[in-house]
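Open your viewer and keep the selection box handy. This tour goes from stop to stop, with a selection to make at each one and a word on what to look for.

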Amino acid sequence: MDQAHNLSKANGHKLKNGEYIPVLGFGTWNTVGTDAYDYVIMALETGVRLIDTAFVYLNENEVGKAIKQKIDEGLIKREDIVITTKLWNTHHHPDLVKGACMQSLKNLGVDYIDLYLMHNPYAFREGSELYPRDEQNEIIGSDVDFIDTWQEMEKLYTSGLVKNIGVSNFNELQLIRLLKLCEHRPSVAQFECHPFLTNFDLSTFCKKHDIMVMAFGPLGSPERPIQFTGEPKLLHNITVGTLAKKYNRSPAQLLIRYQLQRGHIPIPKSELPEFAAENTHVFDFVIGLEDMGRLDSLNIYRRFVNVLSCIKLPEYPFHDDIRYGDQPIDFKRC
């Protein structure tokens, strides 16, 4: 089976509404301008057919231009590609949801979005500022209920503007409430997942309710802009390195394969062509059951993307991290 077939939409996971989604994608967080364009071009040329972006990433235009370029060249067809983008926190008010979606459609230069996610369960004050803050530099929230936001997203789904709707960064209790009150259930739940943060309970819950898991940060988000001295580095972990050598793979390939074998859709990121191509060659080996257990045992509830600036908002979803002993706030920023 060739690489392109492994990465194709047709060979992907079947979502609850019958739509298919590739088993592996690429993320574009923290990549803007010509870098974002070049990165998506590179990803598409390696065979990737699932591209993850978001309004707040400020790169929807470049993502759309890169996809159009490859369509014009005949490398792909629009129906081959799954584009994921996200509703930002300042657009949760029911009156703003459709307009935000239409803006993303315009930015991307497409007629429909394949997967539209609510980026977070919490809302920010409506307005042009992506991160509205008060005089004390605290994030200003909004009292919009994410259920009301979801109901507007359901209208986008029934109208055909989006093929699938889902959520990002929701915890289990928030998903339970959503499932009780929604008309159309989420197709996908996107959350951080890797051996340092296995998220077993949340993953099991999603599978039980026919919600596909999309795992961001499967490599430990080594390229994220905010890092702390003294924090663990997943790609440099001894167990990860030992197992990678055992299977004659890179640590990144091992970590991506780990997600695939858990039934998740990993969306790794690499801006270097050699690593981007390498990250897709993960279909010709299998991690043994005992070694999967060794990777599972690395769980330390370490969340690398925890958005601590939003911790005071009512729907902040990650309070359990503190209960379990993860204290990223104690690290010094690099």
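## Stop one: helix α11 and its cover

Select α8 (238-246) and α9 (251-261), which are among the elements that cover the buried residues of α11. Bear in mind along the way that this is a predicted model.

Now add α11 itself, residues 289-296, and show side chains for Asp 291, Met 292 and Leu 295, which are buried. Why do they sit on the same side of α11? Their arc around the axis is only 105°, and that puts them on the same side of the helix. Turn to the other side of α11 and you will find Leu 289 and Glu 290, both exposed.

## Stop two: the nonpolar cores

Next, select Val 40, Ile 67, Tyr 116, Trp 150, Met 153, Leu 178 and Cys 206. These are the residues with the most contacts inside the largest nonpolar core, which has 49 residues in total. Which helix gives this core its largest share? Colour α2, residues 33-45: it supplies six residues.

For a view from inside, centre on Leu 178. Leaving aside neighbours within four places in sequence, Leu 178 is in contact with Phe 146, Ile 147, Trp 150, Val 167, Phe 170 and Pro 186. Another core, of 22 residues, lies apart from the 49-residue one. To find this second core, select Phe 196, Phe 285, Ile 287 and Leu 298, which are among its members.

While Phe 285 is on screen, add Arg 257: its charged end sits over the ring of Phe 285, 6.0 Å from the ring centre. There is a second arrangement of this kind to select, Arg 303 with Phe 318, where the charged end of Arg 303 sits over the ring at 3.8 Å from its centre.

## Stop three: an aromatic cluster

How many aromatic pairs does a search of the whole structure find? The count is nine. For this stop, select Trp 88, Tyr 122, Phe 124 and Tyr 131, which ring pairs link into a cluster.

Begin with Trp 88 and Tyr 131. Their rings are edge-to-face, at 5.4 Å centre to centre with 65° between the planes. The two residues come from distant parts of the chain, 43 residues apart. Trp 88 is in the loop between β5 (82-87) and α4 (94-108), while Tyr 131 is in the loop between β6 (115-118) and α5 (146-159). Try a surface display here: Trp 88 is buried, at 4% relative accessible area, whereas Tyr 131 is partly exposed, at 40%.

Then swap Trp 88 for Phe 124. The pair of Phe 124 and Tyr 131 is tilted, with 6.1 Å between centres and 50° between planes. Phe 124 is buried, with a relative accessible area of 1%.

## Stop four: Ser 187 and the loops around it

Move to Ser 187, in the loop between α6 (172-181) and β8 (188-192). Is Ser 187 buried or exposed? Its relative accessibility is 4%, so it counts as buried. Draw a distance to Asn 164, whose side chain joins that of Ser 187 in a polar contact of 3.1 Å. Setting aside residues up to four places away in sequence, Ser 187 also touches Leu 15, Lys 16, Ile 165, Gly 166, Asp 210, Ile 211 and Met 212.

Follow that list to Asp 210, in the loop between α7 (200-208) and β9 (212-216). Asp 210 is not a glycine, yet has a positive phi of about 60°. At 46% relative accessibility, Asp 210 counts as partly exposed.

Go on to Ser 221, in the loop between β9 and β10 (228-229). Phi is positive here too, near 50°. Ser 221 is buried, with 11% relative accessible area.

## Last stop: Val 32

Finish at Val 32, in the loop between β3 (26-27) and α2. Val 32 is partly exposed, at 47% relative accessible area. Which residues does Val 32 touch, not counting those up to four places away in sequence? Select Tyr 57, Leu 58 and Asn 59 to see them. The C-alpha atoms of Val 32 and Asn 59 are separated by 5.2 Å, though the residues are 27 apart along the chain.

How values were computed
Residues numbered from 1 in each chain as written. Predicted model: local features only at pLDDT ≥ 70, side-chain atom pairs only at ≥ 80, totals over all residues. Heavy atoms only, no water. Buried < 20%, exposed > 50% of the residue type's maximum accessible area, 1.4 Å probe, protein only. Helix = DSSP H or I, 4+ residues; strand = E, 2+ residues; numbered from the N terminus. Arc of directions from axis to C-beta. Contact = heavy atoms within 4.5 Å. Polar contact = N/O pair within 3.5 Å; in protein donor to acceptor, adjacent residues only side chain to side chain. Core = buried A, V, L, I, M, F, W, Y, C linked by side-chain atoms within 4.5 Å. Phe/Tyr/Trp six-rings, centres within 6.5 Å; stacked < 30°, edge-to-face > 60°. Lys NZ or Arg CZ within 6 Å of the ring centre and 35° of its normal.
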